[in-house]
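Visitor: Could you take me through one part of this assembly up close? I'd like to hear about a single chain and the surfaces it shares with its partners.

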There are 4 protein chains.
Amino acid sequence: MTHKNRIGNLFSLTSFGESHGPAIGGIIDGMPAGVKIDLERLQQEVNRRRPGQGGVSSTRNEVDEVEILSGIMDGVTLGTPIGFIIRNRDQRSEDYEHLKDVYRPSHADFTYQAKYGIRDHRGGGRASARETATRVVAGALAKQVLEVMGITINAQSITNLAEVPQGDTIGGVVICIIKGVEPGIGEPVFGKLSAQLAEAMMSIPAAKGFEIGLGFDFVNHRGSEVLDKWVVKDGKITTETNHSGGIQGGISNGNDICIKVAFKPVATLMQPVQGIDKDGEAVTIEPRGRHDVCVVPRAVPVVEAMAAIVILDNILISRASKL
Amino acid sequence: MTHKNRIGNLFSLTSFGESHGPAIGGIIDGMPAGVKIDLERLQQEVNRRRPGQGGVSSTRNEVDEVEILSGIMDGVTLGTPIGFIIRNRDQRSEDYEHLKDVYRPSHADFTYQAKYGIRDHRGGGRASARETATRVVAGALAKQVLEVMGITINAQSITNLAEVPQGDTIGGVVICIIKGVEPGIGEPVFGKLSAQLAEAMMSIPAAKGFEIGLGFDFVNHRGSEVLDKWVVKDGKITTETNHSGGIQGGISNGNDICIKVAFKPVATLMQPVQGIDKDGEAVTIEPRGRHDVCVVPRAVPVVEAMAAIVILDNILISRASKL
Amino acid sequence: MTHKNRIGNLFSLTSFGESHGPAIGGIIDGMPAGVKIDLERLQQEVNRRRPGQGGVSSTRNEVDEVEILSGIMDGVTLGTPIGFIIRNRDQRSEDYEHLKDVYRPSHADFTYQAKYGIRDHRGGGRASARETATRVVAGALAKQVLEVMGITINAQSITNLAEVPQGDTIGGVVICIIKGVEPGIGEPVFGKLSAQLAEAMMSIPAAKGFEIGLGFDFVNHRGSEVLDKWVVKDGKITTETNHSGGIQGGISNGNDICIKVAFKPVATLMQPVQGIDKDGEAVTIEPRGRHDVCVVPRAVPVVEAMAAIVILDNILISRASKL
Amino acid sequence: MTHKNRIGNLFSLTSFGESHGPAIGGIIDGMPAGVKIDLERLQQEVNRRRPGQGGVSSTRNEVDEVEILSGIMDGVTLGTPIGFIIRNRDQRSEDYEHLKDVYRPSHADFTYQAKYGIRDHRGGGRASARETATRVVAGALAKQVLEVMGITINAQSITNLAEVPQGDTIGGVVICIIKGVEPGIGEPVFGKLSAQLAEAMMSIPAAKGFEIGLGFDFVNHRGSEVLDKWVVKDGKITTETNHSGGIQGGISNGNDICIKVAFKPVATLMQPVQGIDKDGEAVTIEPRGRHDVCVVPRAVPVVEAMAAIVILDNILISRASKL
């Protein structure tokens, strides 16, 4: 079962935690032994996801302090699972009492209730974007391994914050470029590297679209315009153009892997919206609590983290490809 | 290991086969027992994927005759794995002899060679779109189960065939709508239904983009414009609009699930193109063999099949959600 | 990857933790929603595993206080993953300093070093039987679900403690009987219920043998003597005898499931033993620390826990067997 | 889902097939690329499993001709999945018509019916030992890879055939020794190599007990008697004795891996036995068809095959243990 609260195969993250419970956390399994870990940089990576980045995010003052509980001794990985927790603080659960029996529009309230017959209504519970902090922890560790292998991952967000009127929200796009992956990484058929990246990215809250290389723009071109011609550079075979985004037939070709993820506008507005209660009665929900105007800048480290998890997992798997 | 030649968890397809070997085939595991199967309709579904659909596809005369080897007795599923094969015929392997040591542009020749150090160069080998026939077999069976549950899946292609000059190729988009999925299907966090659909679709050869609901168009709207308001219809809570595409927080909300997949133009042109050989020398590849001008109409049953596999798998998994 | 630090499919435990790190813990994924949990009974179950049971175990005063971090709200399961930790206390790491570069006989020191090139030498690190506390937590929760279904699991140990001279150790056998499992649970072929139970039991530290029903004693009987004849009891088909131990063809037949697990003697003796250092030099290891004379009584709740995990997982999986 | 019709992780076998359907077969996924395969030796290995070995087995004249359909080109593995089928012949399905609604004692008739609500009653259907032929195919391929690595696997059976009166059956024990596995193979905690071997062996039809090293005999010894002392041989650290059976803490220590599997007597007797029909009425079953007096000699190649699958899978996984 890959598809519950776990992602990855040889290198994997299993996560837990409701937004307003005692803590969130996870277990990173399959981290290779013998890797020097810089825990300060790990914490900095997690801090990038915090609210208050650039004035556009929620004012909730989360202290996402990562506590590592196993798998690292004297700053070096043991090869055993890395357990970690992040305590929830500053929760103001009472802000959510009025939402106990109400389904907000474009939130997961109704769908969780339908699936489980019960839900933690406080701050989105398990559906809260807060769970992404655990992804960043795993991603930060994966990145430090990838760095040793000469692989870098960089994402940036594109949004139109200037145009948002007070009380409304917007979405945006995150572009991510992965450099240094050698040719031959990824699985054919169902486990195409592009497919795994798509799954990983679309599992981020509010993600609604995914592209690799030219993506949907391929539709506007003829085949003869978008073939990636082979060239030899520094003694290595590579492609002159990179319309494919670094992956052909699901397997890396050595060029940069370029992906794009679309995020919808935050569903919690700072204006009254109409919800429905469990009996089907309309309910007006007044704005309360603290919320992001735009989630996209905070999604940047999450996108990088998911990319790092997928790439490291596939590099480890690829060690078994040949005799 | 989800990510080799298998997709799905409780309901899964494991596939095998090179384009020019003796046969392709697969094993469908987890088919519930007691389902009446119409094998003629299954064969018709597979025929939809054949070349020669609408005059735009390759002229290769594949006879994709499905031979079921187990798991079905007297037209009823036994609950045991369904093994099947499709013999390869009309292969003309000699058409490919000149490609033995050549990497074609925007094909998987180079990447397979990098990954495995060896490859079957005939007709793309394992990277051939021919493997998608096995997906259609599994999807056709899944569809027959879903039909009993009142679920239908319909896709259609959008392409601009009229504009393609002779010898060139184009891509296109496939839109797929899944009706009748009850609320509560899908997993939270990493196994979001949208994420699983994204992975399944992006694993189809030539797929380069994925959207659910408004997808990338969400970027052009404010939150207040795209909230899906709740309404009660026929005694059931549902949404008035469906910008989300039927999924919220990764879980179905009962409305139609609407997805879009972008496919790049076929990389094999019927005109000379430049490749490279294993020593880095440029090679001109003359057009030979038989190839699609546009793969998108043939991708329609494949998209439907992948949707059916994901949806059935998740419905079975959801049976364990509650006590 | 089932085979790292995870067991189970739809219901699973992923665990982490070294014996002398800050904490051990785990994530229980797939717990059905809506189950009332008695946390006091859970803690009592964990206490059964503690040292000092019956005077035969180590005197280490472990306070195995389970802290539940998610997945349960107001005493009811949410269907979301249950994260938990147990802090390590009273560690006396300095007791182990002399073992840093020494491989003890019949311990995992050498094999961990060979596998990872590094190890936490303090108290066995990840190889410590201390990790079994996390199994008991998962098992205790599974048991509470099984109880609602009318299923009970009871194990007992058989050892010969009277005969152990001071400073030596012994092993023993644990017998476990599972009552109330309805017919039809378990998978055929590779996932036989007996095979899954064998794996689960043999994964307990020091386990060296497994039997179901007559086990190795089947060798001493002819087929005609050990057929389990069918009878009808209380309107249900069942077997008169139970030589098979409740499982036929890998699937439960409704009768009691009876298994036996053999444990080797504890490898840490309270007398000088000969080890070897990393350079191959013989080293005499003087007894230090606190250790069990016999681990078997403490293994009883662990055996029950593993049985509970396997049975619940398979009951959930079986919900998908039929249309 | 490991636990349906699949075994293994990086190297895996998924199998299908009823005893009296058109064919049985499987897909071997994860075979490393570049391995030279001797297909004649593969066929010979499968022949070892055929009836008529030593006059003690059934007289059914199965022609287990393996047809490889993919994954091997010019005798070398491609790294892609290896699909294969074995046609069923000489089936005499009419021999089983009288068993359609009858549950034989100590067979899987009743349990399959309970699980699926339907079953193929002919020759045991999916529960037939005939499925083990697919295990031998996968095992034979795994063995050829292991051979290159210097690893050999040899099993032998111990039975008391002389004492069986005409019309009865007996069981027996298979001992298997695996030589040449380097230290460091296997996973800690749930995926102990011993646990994986136990699962693999207990998944063989009629297997009822498993031991590693001294197994249940450990109970008769004190710790001081069964410690495996370290010695240096040929410049390598190894153990003087091998009570542990080559595995400590779930990980190989470089010494021979020694396991034992107990098989119950064949449940089909050549004398009248009492069954029960679906309405609970007693039915006398007259002997018919062709059946083994003792299955154990035929289990020898199956035990070797399962060992080979587990060992190769774990060697591939171990490549990801360290940076």
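Guide: Here is a walk around chain B, going from one partner to the other and then into its own strands.

A word on the ground rules: this is a predicted model, with local features needing pLDDT of at least 70 and side-chain atom pairs counting only at pLDDT 80 or more, while totals for chains, interfaces and linings use all residues. Residues are numbered from 1 along each chain as its sequence is written, chains are lettered from A and ligands numbered from 1 in the order in which they are written, and side-chain values use heavy atoms, with hydrogens and water left out.

Let's start with chain A. Chain B and chain A each put 98 residues into their contact (heavy atoms within 4.5 Å). The area buried between these two chains is about 8,300 Å², and carbon and sulfur atoms give 65% of that; buried area here is the accessible area, with a 1.4 Å probe, that two parts lose on being put together, summed over both. On the chain B side, Lys115(B), Phe190(B) and Trp230(B) lose the most area to chain A, together 11% of what that side buries.

Lys115(B) turns up again in the charged pairs: it forms a salt bridge with Glu187(A), with the closest N and O atoms 3.2 Å apart. The rule (a side-chain nitrogen of Lys or Arg within 4 Å of a carboxyl oxygen of Asp or Glu) finds four salt bridges across the interface of chain B and chain A. There are also 35 residue pairs in polar contact, both at pLDDT 80 or more. For that term, think of a pair of N or O atoms within 3.5 Å; within protein, one must be able to donate a hydrogen and the other to accept it, and residues adjacent in sequence count only if both atoms are side-chain atoms. Sorted by class, the side of chain B that touches chain A has 45 nonpolar, 32 polar and 21 charged residues.

Strands meet across this boundary too. Strand β11 (residues 207-212) of chain A pairs with strand β11 (residues 207-212) of chain B, antiparallel, over three bridges; pairing takes at least two DSSP bridges, and a strand is a DSSP run of E, at least two residues, numbered from the N terminus. Within that match, Gly209(A) sits opposite Glu211(B).

Now swing over to chain D. The contact takes 41 residues from chain B and 41 residues from chain D. Between them about 3,300 Å² is buried, 66% of it from carbon and sulfur atoms. Phe16(B), Ile27(B) and Leu69(B) supply 17% of the area that chain B buries here, more than any other three residues. Two salt bridges cross between chain B and chain D, and in one of them Glu67(D) meets Arg87(B), 2.8 Å from N to O. Add eight residue pairs in polar contact, both at pLDDT 80 or more. Among the elements of chain B on this side, β3(B) gives the most, with four residues.

Last stop, inside chain B. Strand β10 (residues 172-179) pairs with strand β9 (residues 152-158) in the antiparallel sense over seven bridges, where Asn154(B) stands opposite Ile177(B). Seven bridges also join β10(B) to strand β16 (residues 257-263), again antiparallel, and there Ile175(B) has Lys260(B) as its bridge partner.

Notes:
Nonpolar A, V, L, I, M, F, W, Y, C, P; charged D, E, K, R; others polar.
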